[in-house]
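Biologist: Before we turn to details, I should like to learn how such a model is read. Where would you begin?

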Amino acid sequence: MATPPVIGPQRTPKAPKGRRAGRFALEVARFCVVGGSGVAVNILFFNLALHGLKWAPMVATVAASCVAMGTNYLGFRYFAYRDRASRTPRQIALFFAFSGLGVVMESVLFYIGYHGLGMSGPLGSNLAKALSIVLASAFRFVVYRTWVFQHAKNAR
C-alpha cells in the first residue's frame, strides 16, 4: 500500500543530541579559527597604527577593528559558516551592522581600559585591546550564528 502524500511543510528530523553537540563544537572551533586570525589582524594593525604611526589610541583601535571586520567577513562566509544560507544583501548588511555594534562595544571597552584603568603603555594598551576583543567576540558569536549566517529554511 502506498503512503499518502504529506500535505504542508515537511520538517527534516533533528540530529541526535551527540551529533548536534559535535556540530556545535565544530562551529565554535571554526569561529575561533576565523576569530583568531581576525584578532591577529586587529592587534597587528592596532600596534602599527598606535605605536608605529603614532595615531591617537581611539583612532587606532577603531581602524584596526574595521580592517579586521573586513577580513573576518570573508573567513566567516567562506569557512566558518559556508554551510549556511547563500550570500545575500541582507546577510551582508546584517554582518556589517552587527560587526559595527561589535566595534562600538570593543571601542568602549578599550577606552575604559586605556583611559579609565590607565592601561596606556605598550603592554597595557595591548592587554586592553585583547580584553576588549574577547568580550565583544562573545556578542559577535551569538549574533552571527543566530541572525547573520542562518541555516537555509528547513535545513536544520
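Modeller: Let us begin with burial: a residue counts as buried when its relative accessible area is under 20%, and as exposed when that area is over 50%. Please keep in mind that this is a predicted model. Thr 61 has a relative accessible area of 0%, so Thr 61 is buried. Its place is in helix H2.

Biologist: What does Thr 61 touch, not counting residues up to four places away in sequence?

Modeller: A contact here requires heavy atoms within 4.5 Å. On that basis Thr 61 touches Phe 46, Ser 107, Phe 110 and Lys 129.

Biologist: Where is Phe 110 placed, and is Phe 110 buried or exposed?

Modeller: Phe 110 belongs to helix H3. Its relative accessibility is 0%, and Phe 110 therefore counts as buried. Leaving aside neighbours within four places in sequence, its contacts include Pro 57, Met 58, Thr 61, Ser 125 and Ser 132. For Met 58, the C-alpha to C-alpha distance from Phe 110 is 8.1 Å, although the two are 52 residues apart in sequence.

Biologist: How many aromatic pairs does a search of the whole structure find?

Modeller: The search finds 21 aromatic pairs. To classify a pair, one considers the angle between the ring planes, and an angle over 60 degrees counts as edge-to-face. The planes of Phe 46 and Phe 110 stand at 80°, with ring centres 5.4 Å apart, so this pair is edge-to-face. Because Phe 46 lies in helix H1 (residues 17-52) and Phe 110 in helix H3, the pair ties together parts that are 64 residues apart in sequence. Both Phe 46 and Phe 110 are buried.

Biologist: Which residues form one aromatic cluster?

Modeller: The members include Phe 24, Phe 31, Tyr 73, Phe 76, Phe 95, Phe 141 and Tyr 144. Charged groups may also be examined against rings. Arg 30 lies over the face of Phe 79, at 5.6 Å from the ring centre. Likewise, the charged end of Arg 77 sits over the ring of Tyr 78, 5.6 Å from its centre.

Biologist: How should I read the packing of one helix against another? At what angle do the axes of H2 and H3 cross?

Modeller: One considers the approach of the axes, their angle, and the residues in the contact. The axes of helix H2 (residues 57-80) and helix H3 (residues 89-116) come within 9 Å and cross at roughly 145°. The crossing of H2 past H3 is right-handed. Its contact residues comprise 13 nonpolar, eight polar and two charged.

Biologist: And what may be learned from a backbone angle?

Modeller: Most residues other than glycine have a negative phi. Lys 54 has a positive phi, near 60°. Lys 54 is found in the loop between H1 and H2. Its relative accessible area is 63%, so Lys 54 is exposed.

Biologist: Finally, how is the chain read as a whole? How many helices and strands are there?

Modeller: The protein chain has four helices and zero strands, in the pattern α-α-α-α along the sequence. Of its 156 residues, 34% are buried. One may also ask how far along the sequence contacts reach. Among contacts between residues at least 6 apart in sequence, 70% join residues at least 24 apart. The pair of Phe 46 and Phe 110 offers one case of distant parts brought together, at 64 residues apart in sequence.

How values were computed. Residues numbered from 1 in each chain as written. Predicted model: local features only at pLDDT ≥ 70, side-chain atom pairs only at ≥ 80, totals over all residues. Heavy atoms only, no water. Axes fitted to C-alpha atoms, helices over the stretch in contact; angles between N-to-C directions. Helix = DSSP H or I, 4+ residues; strand = E, 2+ residues; numbered from the N terminus. Left-handed = near helix turned anticlockwise from the far one by under 90°. Nonpolar A, V, L, I, M, F, W, Y, C, P; charged D, E, K, R; others polar. Buried < 20%, exposed > 50% of the residue type's maximum accessible area, 1.4 Å probe, protein only. Phe/Tyr/Trp six-rings, centres within 6.5 Å; stacked < 30°, edge-to-face > 60°. Lys NZ or Arg CZ within 6 Å of the ring centre and 35° of its normal.
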